[in-house]
Amino acid sequence: MKKIIIREEYCMGCRLCEIQCVVQHSKTKNILKVYKGKDIKPLPKIRVEQEGYISFALQCRHCQDAPCIEACITGAMYRDKKTGAVLCNEEKCVGCWMCIMVCPFGVIQRNIEGKKVASKCDLCTGEEIPACVKNCPNEAIILEDRK
Amino acid sequence: MVKKSTPKEFIIERDNEKCITCQACVRMCSNDAHVYQPETDTVISYDEKCVGCHFCETICPTGAITIRRNPSEFKPNANWDATAIRNIIKQAETGGVLLTGMGCDKPYPIYWDHILLNASQVTNPSIDPLREPMELRTYIGRKPDKINLKTKLTPQLKLETPILFSAMSYGSISLNACISLASAAEEIGTFYNTGEGGLPKDLYKFGKNTIVQVASGRFGVHKEYLEAGAAIEIKIGQGAKPGIGGHLPGEKVTQEISETRMIPEGTDALSPAPHHDIYSIEDLKQLIYALKEATRYKKPVGVKIAAVHNVAPIASGVVRAGADYVAIDGIRGGTGAAPLVIRDNVGIPIELAIAVVDQRLREEGIRNQASIIAAGGIRCSADIIKAIALGADAVYIGTSALVALGCSLCQKCYTGKCNWGIATQDPYLTKRLNPEIGKRRLVNLLRAWSLEIKEMLGGMGINAIESLRGNREQLRGIGLTDTELKILGIKPAGMAW
């Protein structure tokens, strides 16, 4: 499975990945409509961590041994058989936040704006290259086949 | 009086219809020109802090930012133009020498743009480089006076294309910029130059594509350094600042740079104006041969000089002193920091320098003894082919390479705040230059230029760059005076063979 590789040494902390993630997961996928419109913006599923000049963008690692799938009480968190991505079925999710408790990377968030569900990276389902990878100006996030 | 402050050079136009207050510009500007206002959820910009590097414009996801030149607020005056007035205000304020970066930006004649190339028609066939082999390989080094089957050549540099990267030191540019240049040189089969900053440990692996420089400060020069490179270059002068030494401010001398340059951390790296052991051609000869001895005559030793009025006799002396190549840097050559008055007023254009040096060396019958590398303001493949037809063997490109890496010639290299991560040592900024991207872009540039050179060569009916060298019949001058044509050694446009 292709994984998103984070390269801290090239992340400049511009946070365009966060912005493009929001756009990609919006209804219109139009940056001006998303940020200037009245609709509620989706949460970015990628977050840039920064301390001084050290920064990197972090999103779900889609762990092989995913604790969130184990912990999910309704079976909402599942692994997509085709892509190997860990996804959340928002229909089944009841917002118990157990996944958030067990996630070792802290990359699952509470989406409390709309329906109370867990919000996490879905590798931009349907897209060949996730939005964060495509839009990182310095190639600090790349998609690679790596064991 | 009311103290005048320097008028702003640029205006930052923010289209608030498009600005989504994502603050990418706020985070990215090293000059703090953009500031977020949480009370109103808006970003405001301070025009006076803008240096015109266009980084925010590039990074803005909605294209909300446009950087414009501040329309002249002074009364138009051909003598007292805005630059002159601004500079006086700055100096009245600071009492110091004005510093600047990059090459001379004055509107002196650019002779490249007054030279036209030839092409074949009917009487001699042109060549299609896509169908027939075209040779760009160039050898830099001394060629023998006579050859027979037993002739052994002195060491040569083998270039797959007649383009090298100019000397830019680690210190003046970031390590990531050095890695981009070195790895691109390796991929293309050409050379980059360490400048006088020494060779950082990480770059020894690119040794076979490295020209190591020995300059007046002798920073980072030791046995392994000399042995690491494919050639050694003695730097006498630089086109942007002929007759002037260098000064890397102590703030930029980080631990890595102090190790590489072999000077204490945080101390100013001062390169004297002259080499204190070179006051004559004979002294230069001693250094050339000392370096040749030190490396067992296995590497070519070249000398880099700035193009000054007396460049032809100087070059002749340099060749007679035993240099395997002479690099000549014209007035438009770049720099990381130089006094503005020197950069803009000292030296001569490289086009004239190539022509007079090539002519002089031919007249003296010593042109074969050294190669000529031309530098300073080479902007495109046409400039390169014109330089070679005027008599150069190859060219050095510095500014063009940096532009490929993102540089927008804001001329603020000396501040160490380069937003593009090139002319800076601030770890927050150097991260912005990913050497993988840098290498890719430099390789693309050299590939593109090489293809264009082949096209132009083919058009002239020439299938090897060797056959164009010094072939001034392929050039014609346009809009030049008789004296300029004579110096360039070319005929005016319209005149047949």
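1. In this predicted model, helix 4 of chain B is followed by B:Gly189, whose phi is positive, near 90 degrees. The helix itself covers residues 175-188, which makes 14 residues, and the distance from its first C-alpha to its last is 20 Å, close to the 20 Å expected at 1.5 Å a residue. A similar check can be made on helix 7 of chain B, residues 281-294: its 14 residues should span 20 Å at 1.5 Å a residue, and because its end C-alpha atoms are 20 Å apart, the two values agree. After helix 7 of chain B comes B:Arg296, and here too phi is positive, near 60 degrees.

2. How many of the 14 residues of helix 4 of chain B are buried? The count is 12, so this helix is largely enclosed by the rest of the structure. A residue is called buried here if 20 or more other C-beta atoms lie within 10 Å of its own. Among the residues of helix 4 of chain B that meet this condition are B:Leu175, B:Asn176, B:Cys178, B:Leu181 and B:Ile188. The buried residues of the helix pack against strand 9, strand 10 and strand 11 of chain B, and also against helix 12, helix 13 and helix 14 of chain B.

3. Strands 9, 10 and 11 of chain B, which the reader has just met as packing partners of helix 4, belong to an open sheet of eight strands, whose order in chain B is 9-19-18-16-15-12-11-10 and whose pairing is parallel. Strand 9 and strand 10 of chain B stand at the edges with a single partner strand each, so one side of each is left without a neighbour in the sheet.

4. Strand 11 of chain B, residues 210-214, deserves a careful look, since five of its five residues are buried. As general background, the side chains of a regular strand alternate between the two faces of the sheet. Which residues of strand 11 of chain B lie on one side and which on the other? B:Thr210, B:Val212 and B:Val214 are on one side, B:Ile211 and B:Gln213 are on the other, and all of them are buried, which leaves both faces of the strand covered.

5. The neighbours of strand 11 in the sheet can be followed residue by residue. Strand 10 of chain B, residues 192-193, runs parallel to strand 11 of chain B and is joined to it by two bridges, with B:Asn193 standing opposite B:Ile211. Strand 12 of chain B, residues 231-235, also runs parallel to strand 11 of chain B, and four bridges join the two; in this pair, B:Val212 has B:Ile232 as its bridge partner. The connection from strand 11 to strand 12 is worth tracing in the structure, for together with helix 5 of chain B, residues 223-228, these two strands make a right-handed β-α-β unit.

6. Chain B also has an open sheet of three strands in the order 6-20-21, where the pairing is mixed. Strand 6 and strand 21 of chain B stand at its edges, each with a single partner strand, so each has one side without a neighbour in the sheet. Strand 6 and strand 20 of chain B run antiparallel and are joined by three bridges, and B:Ile115 stands opposite B:Gly477 in strand 20.

7. The domain assignment of chain B gives domain 1 as 10-96 and domain 2 as 112-492, and the C-alpha centres of these two domains lie 34 Å apart. Nine residues of domain 1 of chain B are in contact with seven residues of domain 2 of chain B; on the side of domain 1, the residues divide into five nonpolar, four polar and no charged.

8. For chain A, the assignment gives domain 1 as 1-59 + 123-147 and domain 2 as 64-120, with C-alpha centres 19 Å apart. The contact between them takes seven residues from domain 1 of chain A and 11 residues from domain 2 of chain A, and the residues on the domain 1 side divide into five nonpolar, one polar and one charged.

9. Finally, there is the contact between the chains, which takes 16 residues from chain B and 17 residues from chain A. Helix 1, helix 13 and helix 14 of chain B are the elements that give two or more residues to the chain B side, and the largest share, three residues, comes from helix 1 of chain B. The residues of the chain B side divide into nine nonpolar, two polar and five charged.

How values were computed. Residues are numbered from 1 along each chain as its sequence is written. Chains are lettered from A and ligands numbered from 1 in the order in which they are written. This is a predicted model: local features need pLDDT of at least 70, side-chain atom pairs count only at pLDDT 80 or more; totals for chains, interfaces and linings use all residues. Two strands pair if DSSP finds at least two bridges between them. A crossover is right-handed if, with the strands pointing away from the viewer, the path from the first strand over the helix to the second runs clockwise. Domain bounds come from an automatic or database domain assignment. Two residues are in contact if their C-beta atoms, placed from the backbone, lie within 7 Å. Ala, Val, Leu, Ile, Met, Phe, Trp, Tyr, Cys and Pro count as nonpolar, Asp, Glu, Lys and Arg as charged, and the others, Gly among them, as polar. The expected span of a helix is 1.5 Å times one less than its number of residues.
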